[in-house]
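Here are some exercises to help you find your way around a structure you haven't met before. Have a go at each task, then check your steps against the solution.

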Amino acid sequence: MNAAKKWPERALILSRVLPRAFSTTATNASAPSPTFPLKHVTRSNFDSTLVELRSHVRAADFVAIDMEMTGVTSAPWRESFEFDRFDIRYLKVKDSAEKFAVLQFGVCPFHWDSLKKSFIAHPHNFFVFPRQDIPLDGSSYEFLCQTTSMDFLAKYQFDFNACIYEGISYLSRRQEDEARRQLKSRNEVRLTNSSYDLRQTVDVPLVRVSDILFTERMKKRLSEWHDNLLQNRSGGYHDQGVSIDINQQFQTVFFKMRPALSLNGFTSHQLSLIRMVTRKHFEDLAYVRFNSESSSQELVVYTDSENDKHRLMEEVKNEHQGSAEMKINAAVGFRHVIDLLSSENKLIVGHNCILDIAHIHNKFLGPLASTAEEFVACVNKYFPYIIDTKILLNAEHTLRQRMRKKSTSLSSAFSVLCPEIAGGSKSPSQPCVQVEVHVDDMRSSNWNSGAKHEAGYDAFMTGCVFAQACSHIGIDFQLHSPSENLGQNEKLQKHMNLLYLSWINGDIIDLRTGNSTAEFLGSNMIRKWFPKISFENIVLIWGFPSKLKGSVIKECICKTLGSFSVTKVYHLDQTAVFVQFSKAELVSEFLILKETLEQSNDAISVLHPLSKLLEGGNTHAASYETYKDICASPVSKVFFADQAEAVGIKWKTELLASNINKSHLENAPDTAEVVDKSKTKKAEDVVNDSSTENLPCDKILDSFLKVTKSVRTTNV
Amino acid sequence: MVALIRSRLFCTKISQNNNQHRLQWSVKQVTKSNFNESLQEFRSHLSSSDFVAISLQNTGSFSSAWHRVSSFDTPEIAYLKARRAAERFQILQFAVCPFTISGSKVTAHPYNFHLFPRDEFSIGMPSFSFSCQTSYLTAMAQQGFDFNACIYDGISYLSRAQELVAKVKLGNPIGVHDVMKPSSTPPSVADTIFVERVKLRIKNWKKACTDSSGRMKDEALIKSLRKLVLGSEQYGSRPCMTIDVCSERQVQLVLEMLAEFSDDLVALKIPTKGGGIQAVRVVLTDSKDDKSLFERELQNVEEDQNKKIRGFREVIDLISASQKPVVSHNSLNDFSVIHSKFISPLPFNMDEFLISLRSVFPHILDVNHLMKRIGPLENVTSIPAAIAYLKNRFFAPIDMEVYQRAFLNEGKVQGQTVLRICHLFAKLCYVLRITPGAIQSSDDNVTSLLDGYGNAIKSCFGNSHESVDGGIRIWTKSPRKVGCEDLVFLWGFRDRLSAGMLKSLLQGSHDIFSEEFDVCLVDKSCAIVAFMQPNLSQTLLDIMNSEGISGSLRELVSEGLRAAGYETYKKACSLGLWEVDLASSLEKAFAAPDCSSQSVSETKPSEIYWCSDLMINFDDL
């Protein structure tokens with residue numbers, strides 16, 4: 001039931017009691033079914049798993065993926081709306097992928113075994129956590145958590161500890177490049193300074209008495225050690241007692257075949273003083289910082305000659321660089337898996353996966369592009385074959401029939417299409433595609449861990465649904481040669497690389513072209529068809545008194561601009577609405593009227609029907625384009641009105657630039673008339689309320705019914 | 001100042017003491033499951049204690065180097081920074097410790113509450129979402145924090161402001177406790193008709209109810225018919241009727257009318273989602289006794305509901321009601337978080353914040369501030385460092401007695417910091433000769449001891465230094481007073497330039513830099529130049545904007561060097577332009593239109609203390 005974290009459905013599912021009934025019956029029915037957990041991957045077993053995964057992916061016919069995130073929408077008004085234009089839907093996906101973190105990544109390669117006549121699935125559940133292993137810039141890693149999503153994951157016993165303690169970190173390609181660039185420039189700086197130390201070689205001025213005393217003491221201590229060393233060398237290295245200091249601050253060790261003094265328990269200030277002393281007073285001693293795996297160690301090393309010193313420095317430098325590169329490589333971490341999926345060019349299968357793909361792009365490739373077209377082009381380059389099972393289920397007639405108008409959420413599809421795997425029961429009516437699960441050494445052809453909302457299991461379900469769907473639309477895996485890429489199968493071509501940009505409206509984006517198409521009519525009988533919205537007819541209003549309902553707003557405007565002027569009022573949240581006008585001209589007319597009303601403070605404007613909407617003096621209005629600007633902002637305030645303020649909107653009414661002059665000229669004498677008209681209109685309304693009855697808006701009817709209801713009760 | 005008892009002689013003894021405390025203190029861990037019982041216990045411990053120490057564990061604090069409060073921030077800017085952090089991040093642990101000091105003995109009762117802002121009522125509160133910094137979470141992991149326990153079983157809460165909204169949103173019936181005063185305005189004809197109709201309806205309904213109760217049991221059909229005709233419903237086991245109302249006026253009229261009837265009827269107001277009243281529900285009770293029983297029932301239901309709504313905030317309310325002095329280590333950050341999560345959204349300016357906070361917590365003691373009384377120790381900001389500092393210099397034996405049932409000693413005990421704060425505070429009281437009695441008995445005393453409430457908070461970020469004591473100067477570089485107007489922010493210089501390199505670069509670039517000045521880096525993109533002579537900063541800004549700029553400064557400017565005064569910095573903060581790099585924030589502040597209202601309100605010149613070793617430690621990030 002992957003869909004639970006996909007936005008449109010999530011609210012639904014959260015609000016309802018979660019349909020767990022299915023899974024409990026499943027476990028009851030399949031008593032002897034061998035259940036073992038799927039493969040959980042954390043930091044500790046990542047490297048070994050990656051090696052195995054490589055061979056699995058290489059052999060796979062397709063790879064199913066899924067993920068769990070810390071949230072879906074960063075503010076209520078960022079949820080998917082009916083009135084969202086194509087570009088805004090993308091901005092909402094982008095915002096979600098940028099703000100939230102991926103906690104679990106499920107990867108499940110499926111491979112057809114023609115001898116067993118069964119798929120072999122290897123479900124993997126990666127715990128991912130964006131640890132800051134390498135400091136890239138001054139900023140810290142930060143991500144947003146949506147409280148309800150976290151609570152939802154908790155309900156399914158998500159292991160947050162495993163994630164934060166043991167999750168695998170990652171660097172995106174962009175971050176890796178940046179890290180390597182920084183390393184390179186650090187090396188260059190070091191070369192030009194002819195110094196290999198990580199710190200700068202500026203002398204520390206000795207101002208404090210304590211510093212001077214400390215420096216003297218160190219000078220003495222080092223020269224003692226130095227002299228001792230030379231003596232011992234001639235004497236044959238016997239006296240061990242000298243090498244160990246009482247408080248263990250100095251310890252004689254060997255570093256790259258040279259005697260050295262390791263420095264422990266000094267502050268960084270003291271260490272820089274020691275380094276200075278070494279450089280100034282001892283020609284044959286070298287100060288070296290040596291990074292071991294977990295910590296760094298400061299050493300003063302004895303060198304035979306200037307040449308030897310140079311050699312030592314060269315060695316240390318190379319080691320530094322080597323270890324820095326190793327560190328970057330290790331920090332790439334989980335991205336190795338993504339690189340693997342990309343480089344093998346396998347068919348990727350997800351369920352309603354636009355958000356997953358956006359997360360992959362943002363976390364593992366680089367920042368998301370500002371337009372859907374650019375985003376899509378980039379995704380297509382890295383993953384040429386992506387199939388969304390939700391598209392498949394809705395587009396193919398045979399599959400729609402099989403789904404029998406049931407929900408196309410992942411768990412529903414899984415239980416309908418793969419009852420054998422889901423329920424563990426043999427259904428005689430239809431032959432199912434067999435799936436055998438391999439986890440390490442365990443295998444089972446009848447596997448069901450039942451751990452829903454675990455990315456690895458959800459990926460497994462997605463893969464099963466896909467395999468079954470393929471067989472229903474006539475792909476015979478027995479005839480399918482292993483060398484052939486499933487991604488090029490002609491029966492899949494018409495669904496290939498199509499994703500729901502927004503499931504709620506059936507907006508589909510084509511990853512190859514970036515074109516958007518509305519889902520063709522009648523393809524989904526369950527959903528009602530929405531008329532095409534012309535966005536130039538829409539005004540965005542926010543900051544009005546919070547008690548105003550949509551019906552009241554509509555009434556206000558209808559009284560002013562005519563009873564059929566407004567087709568629909570739609571709440572973004574309690575602070576903002578879209579008002580859809582019947583004609584585009586009404587938009588500028590409304591905006592101008594609002595502006596003039598706000599500028600004049602006479603009695604007429606107070607009596608004006610719109611004054612209800614303008615009450616409080618904080619009502620803003622703008623055209624649809626402003627909505628896009630606000631959505632594109634990285635800020636996310638909970639309320640839309642606060643968001644608009646945070647984005648920096650200072651004006652109260654956005655007059656449409658192209659129309660201002662023209663309409664001002666045309667309407668200037670008219671405005672008074674409009675006000676007048678509406679005044680008389682208002683009087684009529686009081687007398688004859690029935691005019692509202694004819695309006696097509698349900699909300700008005702609702703409010704009317706409410707009025708009659710209350711009239712009725714009071715009349716009893 | 002305080003007599004400084006140099007007491008190296010006693011060091012061993014103290015460190016022995018200290019070693020004892022290095023052992024784990026036990027702290028009561030509180031989650032949703034044991035919250036109610038712990039609350040009772042806490043209430044009694046609180047009432048018997050002199051102080052309450054608090055310590056918070058948040059999911060983050062500052063997103064990039066310059067977002068952190070620094071010594072060049074005026075109090076207003078520091079507040080803006082703290083406000084931003086408080087609004088973004090979430091508290092996961094709230095440790096509270098009521099304690100008493102008598103002589104050198106501290107008696108402490110530490111509690112560590114695990115919080116999670118779960119939306120218990122599905123109303124989008126207390127918080128829709130919150131930010132996490134990975135470094136904070138990993139640091140918590142290193143201390144053995146159990147995230148599962150916190151998210152599964154953390155205690156939720158609502159702030160005082162949210163509680164009001166929640167009650168409206170939940171739409172639970174509101175009991176009418178006190179009899180309404182008769183309305184002053186005379187009833188209109190419509191009113192009279194309305195009242196008469198409702199009266200008649202209630203009479204009929206009541207009659208039917210009492211009649212049927214006397215009669216034999218009706219058949220189901222008749223029962224439902226009666227329900228339909230009379231609009232009679234059940235409220236629990238009692239019959240009730242709903243009267244729809246259109247206005248507050250009608251509510252008033254119905255209630256007044258019912259008051260005349262009041263022998264056995266109880267009225268409940270049914271709110272709408274918008275906050276108004278949509279109906280009055282009238283419940284019929286059997287007798288006077290039954291009526292009071294019902295009223296008590298209602299009250300209990302309401303109280304339970306309120307308790308559930310408040311959640312952890314109950315603890316905050318208890319502390320606030322107790323009026324006990326609250327001891328904190330980083331009071332600006334802690335209390336801005338507390339204010340935003342448990343009281344109401346943070347106001348825009350600092351003075352409003354202080355007034356609002358003061359009404360809730362009249363006595364706040366900041367140990368950081370107290371440390372400053374001993375010596376200007378800008379660098380001793382961490383609790384262990386402060387304790388070590390005191391240990392090395394003063395004889396202040398403190399005996400900690402922690403009264404808490406020992407917990408299963410698995411892993412590290414969470415919430416130890418609050419005990420360290422108690423410990424440090426007790427030591428400070430000992431050294432500064434502050435007797436707990438003095439703090440409690442007289443308000444004046446507290447204010448004189450702590451330089452006033454506002455100062456206590458303002459001085460937490462290092463702009464109030466007492467005279468430097470002779471014995472301590474060696475440990476600190478002496479700060480000097482620099483007016484904010486003498487600071488210039490510079491950016492657009494080469495990457496990876498150190499402050500020293502930048503300074504030497506500037507020194508040769510123009511005559512103006514032949515005067516005494518200082519440079520420090522705020523983050524990798526931006527530096528501050530502090531002029532020791534007045535008016536030079538404006539001259540620099542003018543020069544950089546003028547055509548006649550010459551020499552190597554011209555070259556620097558052509559390479560992209562930009563400059564801005566302190567006002568621009570202030571503007572960036574107050575407009576909330578929290579970019580990653582200060583340089584881009586300042587650029588944006590330049591581009592933003594001037595908001596005259598803000599610049600007018602803040603005309604008073606501010607001063608900060610310039611510390612030449614002011615550096616931002618990038619390792620801290």
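**Exercise 1: Inside the cores**

In the largest nonpolar core, which residues touch the most other members?

*Solution.* Keep in mind that you're looking at a predicted model. Start with the core itself: among its 49 residues, the ones touching the most other members are A:Phe105, A:Phe126, A:Phe334, A:Phe375 and A:Ile386. Next, see where the core comes from. The elements of chain A giving it two or more residues are helices H3 (46-59), H4 (86-99), H11 (335-343), H12 (354-365) and H13 (372-382), together with strands S2 (62-69), S3 (102-113) and S15 (498-502). H12(A) gives the most, with seven residues. Then pick out a separate core of 46 residues, which includes A:Leu399, A:Trp447, A:Ala469 and A:Leu486. As a general rule, nonpolar side chains in soluble globular proteins tend to be buried together.

Now zoom in on A:Phe334. Skipping neighbours within four places in sequence, its contacts are A:Phe46, A:Phe105, A:Phe126, A:Val128, A:Ile168, A:Ser169, A:Tyr170 and A:Phe364.

**Exercise 2: One helix up close**

Work out which residues of H3(A) are buried and what covers them.

*Solution.* First, get the helix's dimensions: H3(A) has 14 residues and spans 20 Å from first C-alpha to last, close to the 20 Å expected at 1.5 Å a residue. Second, mark its buried residues, A:Phe46, A:Thr49, A:Leu50, A:Leu53 and A:Val57. Third, look at the cover over them, which includes strands S1 (39-41), S2, S3 and S5 (124-127) plus helix H11, each from chain A.

**Exercise 3: A strand and its partner**

Which way do the residues of strand S21 (620-623) of chain A point?

*Solution.* Split the strand into two sets: A:His620 and A:Ala622 point one way, while A:Ala621 and A:Ser623 point the other. That's the regular pattern, in which side chains alternate between the two faces of the sheet. Here all four residue positions are buried, whichever way they point. Now find the partner: S21(A) pairs with strand S18 (538-542) of chain A in the antiparallel sense, over four bridges. One of the places to check is A:Val539, whose bridge partner is A:Ser623.

**Exercise 4: Where the chains meet**

How many residues does the contact take from chain A and from chain B?

*Solution.* Count each side: 43 residues from chain A and 42 residues from chain B. Then take the area. The two chains bury about 3,800 Å² between them, 59% of it on carbon and sulfur atoms. Finally, look for charged pairs: the count between the chains is two salt bridges. One of them joins B:Arg118 to A:Asp151, with the closest N and O atoms 3.3 Å apart.

**Exercise 5: Odd backbone spots**

Are A:Lys117 and A:Asn497 buried or exposed?

*Solution.* Begin with the backbone rule: most residues other than glycine have a negative phi, and most peptide bonds are trans. A:Lys117 has a positive phi of about 50° and sits in the loop between S3 and strand S4 (118-121) of chain A. Its relative accessible area is 51%, so A:Lys117 is exposed. A:Asn497 also has a positive phi, about 60°, and lies in the loop between helix H18 (455-472) and S15 of chain A. At 1% relative accessibility, A:Asn497 is buried.

For the peptide bond, go to chain B: B:Met125 to B:Pro126 is cis, with omega near 5°. B:Pro126 is in the loop between strands S5 (111-114) and S6 (129-133) of chain B.

Technical notes
Residues are numbered from 1 along each chain as its sequence is written. Chains are lettered from A and ligands numbered from 1 in the order in which they are written. This is a predicted model: local features need pLDDT of at least 70, side-chain atom pairs count only at pLDDT 80 or more; totals for chains, interfaces and linings use all residues. Side-chain values use heavy atoms; hydrogens and water are left out. A nonpolar core is a set of buried Ala, Val, Leu, Ile, Met, Phe, Trp, Tyr and Cys residues joined through side-chain atoms within 4.5 Å. Buried means under 20% relative accessible area, exposed over 50%, partly exposed in between (1.4 Å probe, protein chains only). Contact means heavy atoms within 4.5 Å. The expected span of a helix is 1.5 Å times one less than its number of residues. Two strands pair if DSSP finds at least two bridges between them. Buried area is the accessible area (1.4 Å probe) that two parts lose on being put together, summed over both. A salt bridge is a side-chain nitrogen of Lys or Arg within 4 Å of a carboxyl oxygen of Asp or Glu.
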